[in-house]
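Welcome, and please open your viewer with selection by residue number at hand. We will go from stop to stop, and at each one you will learn what to select and what is there.

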Amino acid sequence: MTRIASEQVSNDNAPEQHVKHTQFQSVEIVDQVFEEPYTAYVTKKSAGWRGWIPDIPEVECEARSKKELLKTLTIKLREALEAREKAWDKQLEEDIKAGKLDHLSEEALEEIKAGKVIDL
């Protein structure tokens with residue numbers, strides 16, 4: 001799902017690595033799973049459109065039309081978020097196996113013994 005957040009054209013709010021003295025639009029793209037909004041920047045190029053999401057640097061693409069670009073940005077955003085989620089899960093599993101989180105279970109058991117936990 002995409003929604004135009006701003007139809008205003010700007011010259012000065014985009015990251016320099018992507019746009020220098022180029023007009024662009026801000027577009028709000030809402031992640032379909034977590035319903036989290038992300039701001040994308042889109043700009044017209046000679047052969048089509050270019051867009052990127054600064055908060056998720058791996059999401060950057062080009063397309064022939066603005067409609068196609070927004071669809072591709074939405075798909076790439078979901079893919080990037082899924083990849084980050086899998087990487088986080090993998091790191092958590094590795095930390096558990098390595099015993100890096102053992103202190104948390106020990107703290108929880110101490111709080112239970114001290115009566116600081118409410119049974120839900």
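Which residues make a nonpolar surface patch of about 320 Å²? Select W88, L92 and I96, and you have the patch in front of you. Keep in mind throughout that this is a predicted model. Now pick out W88 alone: this residue lies in helix α1, which covers residues 66–97. W88 has a relative accessible area of 56% and is therefore exposed, since exposed means over 50%.

**The whole chain**

Zoom out and switch to a cartoon view. The chain has 2 helices and 6 strands. Following the sequence, you meet them in the pattern β-β-β-β-β-β-α-α. If you colour by accessibility, the buried residues make up 30% of the 120 residues in the chain.

**The charged patch**

Next, go to the second helix. Select D102, E106, E107, E110 and E111, which together form a negative surface patch. For a closer look, click on E110, placed in helix α2 (residues 102–113). Is E110 buried or exposed? With a relative accessible area of 55%, E110 is exposed.

**The aromatic rings**

Now hide the surface and show side chains as sticks. How many aromatic pairs does a search of the whole structure find? The search finds 2 of them. Start with F24 and Y41, whose rings form an edge-to-face pair, at 5.0 Å centre to centre and with 85° between the planes. This pair links distant parts of the chain: F24 belongs to strand β3 (residues 24–30) and Y41 to strand β4 (residues 37–45), 17 residues apart. Check the accessibility of each partner. F24 has 2% relative accessibility, so this residue counts as buried. Y41 has 13% relative accessibility and also counts as buried, because the limit for buried is under 20%.

Keep Y41 selected and add W52. Why is the pair of Y41 and W52 tilted? The ring centres of Y41 and W52 are 5.9 Å apart and the planes lie at 40°, so the pair counts as tilted. Here too the pair links distant parts of the chain, with Y41 in strand β4 and W52 in strand β5 (residues 48–52), 11 residues apart. Both Y41 and W52 are buried. Show F24, Y41 and W52 together, and you see the cluster into which ring pairs link them.

**Two loops**

Move on to the loop between β3 and β4, where E35 lies. If you plot the backbone torsions, look for the phi of E35: the angle is positive, about 55°, although E35 is not a glycine. E35 is at 64% relative accessibility and so counts as exposed.

For the last stop, select S46, in the loop between β4 and β5. S46 has a relative accessible area of 84% and is therefore exposed. Now add R64 and draw a distance between the two C-alpha atoms. How far apart are S46 and R64 in space, C-alpha to C-alpha? The distance is 9.8 Å, while S46 and R64 are 18 residues apart in sequence.

Methods: Residues numbered from 1 in each chain as written. Predicted model: local features only at pLDDT ≥ 70, side-chain atom pairs only at ≥ 80, totals over all residues. Heavy atoms only, no water. Patch = residues over 30% accessible without salt bridge, like charges linked within 9 Å, V, L, I, M, F, W, Y side chains within 5 Å. Areas by Shrake-Rupley, 256 points an atom, 1.4 Å probe, with all protein chains shown as cover. Salt bridge = Lys/Arg side-chain N within 4 Å of Asp/Glu carboxyl O. Lys, Arg positive; Asp, Glu negative; His and termini not counted. Charge placed at Lys NZ, Arg CZ, Asp CG, Glu CD. Helix = DSSP H or I, 4+ residues; strand = E, 2+ residues; numbered from the N terminus. Buried < 20%, exposed > 50% of the residue type's maximum accessible area, 1.4 Å probe, protein only. Phe/Tyr/Trp six-rings, centres within 6.5 Å; stacked < 30°, edge-to-face > 60°.
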